[in-house]
Amino acid sequence: MSETSRPLPVPDEWSREFWTAAAAHSLVLARCSRCDKLSHPPDVVCPHCGSTDPAFEFTPVDGSGSIRSWTVMRQSFLPGFDVPFVLVDVELTAQADLRLIGRLVDGPDTALRLGAPVRLAFEDVAPGVAVPAFALEPRS
Amino acid sequence: MASSNRVAVVGYAQSPVARHAEMTLGALAVDTARRGRRGRRPDGERCGRLRDGQPVPFRRRHAAVDGVSLVSANWLAEHLGVNPRYAAGFQGFGQLPGAVALAVNAVVSGAADYVLLHCALHNPRGKHHANPMTDVRGAQQWTVPQGYFRPLAMIALAYTEYLERYDATREAMAAVVVEARKNGARIPWSYWYDTTLRAEEYLSEPMVNDPICRLDCDIPVDAVACFVLTSAERARDLPHRPVCVAGYATGAPVKHRLPLHWLLDDVMAVGEETARRLWQRSGVGLTEVDLPQVYDGFSPIVYLWMSRCPCGPSGRRTAWHSEAASTATVATRCRCSRVEGRSGTDACTASHSCSSATWSWPVGRGGGSVRTCPSAWRVIPLRIMEAQWSTAPSRSEVPT
């Protein structure tokens, strides 16, 4: 793996489990221990049940979903990104209205449509650091 | 609303608008504030100071310095040499409207007799939005490592969804942008004064973040605007024709989202609710509105607000892009589903000559409500700095 100049996440108490799992190409999201709903990103107060003590537990999620929107980034404003690339806004099938934004690994010339199904992918951007991304399902 | 029409704007001043001013922002603000106060009760003791919630330019390794990259209410008071009874900065959605609401409440409550409200915008040198960060902490760690950063991508996602959902086109948006430029070109202190923009130029502009091109964005500038507000009662004795504040309203998305993640449905819902609150509080009816003015720092926002704002024809809350186009080249859709460049009252002239002459506003794939085109409806979006001057009494009263 080549070194990247892309900005790398600095895990904290809210995100450490997320980034540790991502490095192993697994998606885990915060689940409220009170109402059992997923939240991304985790927050001080559970956005679903309002608990101020949600005791989030990070739970494996398969990461499949559908494209709700996209943009082709032709200027990135950040270091280390080769342009153009596509960002997709994905609604995960794991829970209604649960969103994740990531790069589409299929490339910038890919024909897209609202609702197109995608599966989770990962970009290895540095030793021990992987970032969630998406790939179109073959028959989408 | 208890404050309706009890507070008035009685003075204003504007600095030159430049990409990069020759003075620091603070000096520009002091000069502009002095002009704004001239003849409008320059009594520092009775005057409040308010600052709008303008974004601090943190877009690169830029250390924010009060008086240089931003101007706080306290900084301005200190450098004007006054000790106001009340000084505050607005925090929240809405920026200038939010600061106006603070000003109204300060006057109505008696916290201040006069309020000097300022908006100071700074454009640091260098590539706008560029940031050399190599690590990312806090909330941004959820999106920046993927390359999702700054408002252009945020607007682009919402706009893509709008275009796809409502079958809208950039050709229709060209009419909005060209019309906005015409307005900017009419204003002597505008950056765009006496310039023109053709639809072809807009459509040939390279994309930055599809479907957003540079001409969809307001231009970053150094500039300061100041307003003086006081009670409507005091305003009667002042030299300029007062402009009363009939009402204010704010709204903000309430769902927990990723940083800078504006979902189309969230934005449109907020626009609808904010408009409803505004009508309710101001007591102004839809038929009394001659000129709806919406923030268009990014052109697609005009669509996003107006599509749910019940100030369109018949209080309609659906896709708005066809009406936007009616300010220039109309691109409405006839009942026969042929798109024509004609106004809504004209007969359809598509090749098969549909005779219904009833025009619809497309509201999505596979559906649409059929309505007659209200060709008299006219909306004139203005650019951000010019937009603040919609209530200016006349061109002759513009400070020089």
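This passage walks through the fold of chain B, its interface with chain A, the salt bridges and the aromatic rings of a predicted model.

A good place to start is the make-up of chain B, which contains 11 helices and 13 strands. Of its 400 residues, 54% count as buried. Contacts in chain B also reach across the sequence: among those with a separation of 6 or more, 73% are between residues 24 or more positions apart.

The next stop is the interface. Here 39 residues of chain B are in contact with 42 residues of chain A. Interface size is often expressed as the accessible area that is lost when the parts come together. For chain B and chain A, the buried area is about 3600 Å², with 61% of it on carbon and sulfur atoms. On the chain B side, B:Trp142, B:Gln146 and B:His256 provide 21% of the area buried against chain A, more than any other three residues.

Polar and charged groups take part in this interface as well. Between chain B and chain A, 23 residue pairs are in polar contact, counting pairs with both residues at pLDDT 80 or more. Several elements of chain B help to form the side that touches chain A: β5 (135-136), α4 (150-166) and β6 (207-209) each supply at least two residues. The largest share, 8 residues, comes from α4(B). There are also 5 salt bridges across the interface. In one salt bridge, B:Asp265 is paired with A:Arg68, and their closest N and O atoms are 3.9 Å apart.

A:Arg68 turns up again when the view widens to the whole structure, which holds 23 salt bridges over all chains. Within chain A, the side chain of A:Arg68 meets that of A:Glu91 in a salt bridge, at 2.7 Å from N to O. Because A:Glu91 belongs to strand β6 (residues 85-92) and A:Arg68 to strand β5 (residues 65-73) of chain A, this pair ties together parts that are 23 residues apart in sequence. A:Glu91 is buried, at a relative accessible area of 17%.

Chain B offers a salt bridge with a wider span in sequence, between B:Asp113 and B:Arg234, whose closest N and O atoms are 3.1 Å apart. B:Asp113 lies in the loop between α3 (96-109) and β4 (114-121) of chain B, while B:Arg234 lies in helix α7 (residues 232-235), so that the pair links distant parts of the chain, 121 residues apart. B:Asp113 is buried, with a relative accessible area of 12%, whereas B:Arg234 counts as partly exposed at 25%. B:Arg234 also lies over the face of B:Tyr114, at 5.8 Å from the ring centre.

Another salt bridge joins B:Arg198 and B:Glu200, with 3.3 Å between the closest N and O atoms. B:Arg198 is partly exposed, at a relative accessible area of 47%. Salt bridges can also share partners, as they do in one network made up of A:Asp89, A:Asp97, A:Arg99, B:Lys255, B:Arg257 and B:Asp266.

Finally, the aromatic rings deserve a look. To describe a pair of such rings, one gives the distance of the centres and the angle of the planes. Over all chains, 7 aromatic pairs are found. One of them is the edge-to-face pair of A:Phe18 and A:Trp19, at 4.9 Å centre to centre and 90 degrees between the planes. Both A:Phe18 and A:Trp19 are buried. In chain B, ring pairs link B:Tyr159, B:Tyr162, B:Tyr166 and B:Tyr303 into a cluster. A charge meets a ring at B:Trp192, where the charged end of B:Arg181 sits over the ring, 3.7 Å from its centre.

Notes. Residues numbered from 1 in each chain as written. Chains lettered and ligands numbered in written order. Predicted model: local features only at pLDDT ≥ 70, side-chain atom pairs only at ≥ 80, totals over all residues. Heavy atoms only, no water. Phe/Tyr/Trp six-rings, centres within 6.5 Å; stacked < 30°, edge-to-face > 60°. Buried < 20%, exposed > 50% of the residue type's maximum accessible area, 1.4 Å probe, protein only. Lys NZ or Arg CZ within 6 Å of the ring centre and 35° of its normal. Contact = heavy atoms within 4.5 Å. Buried area = accessible area lost by both parts, 1.4 Å probe. Salt bridge = Lys/Arg side-chain N within 4 Å of Asp/Glu carboxyl O. Polar contact = N/O pair within 3.5 Å; in protein donor to acceptor, adjacent residues only side chain to side chain. Helix = DSSP H or I, 4+ residues; strand = E, 2+ residues; numbered from the N terminus.
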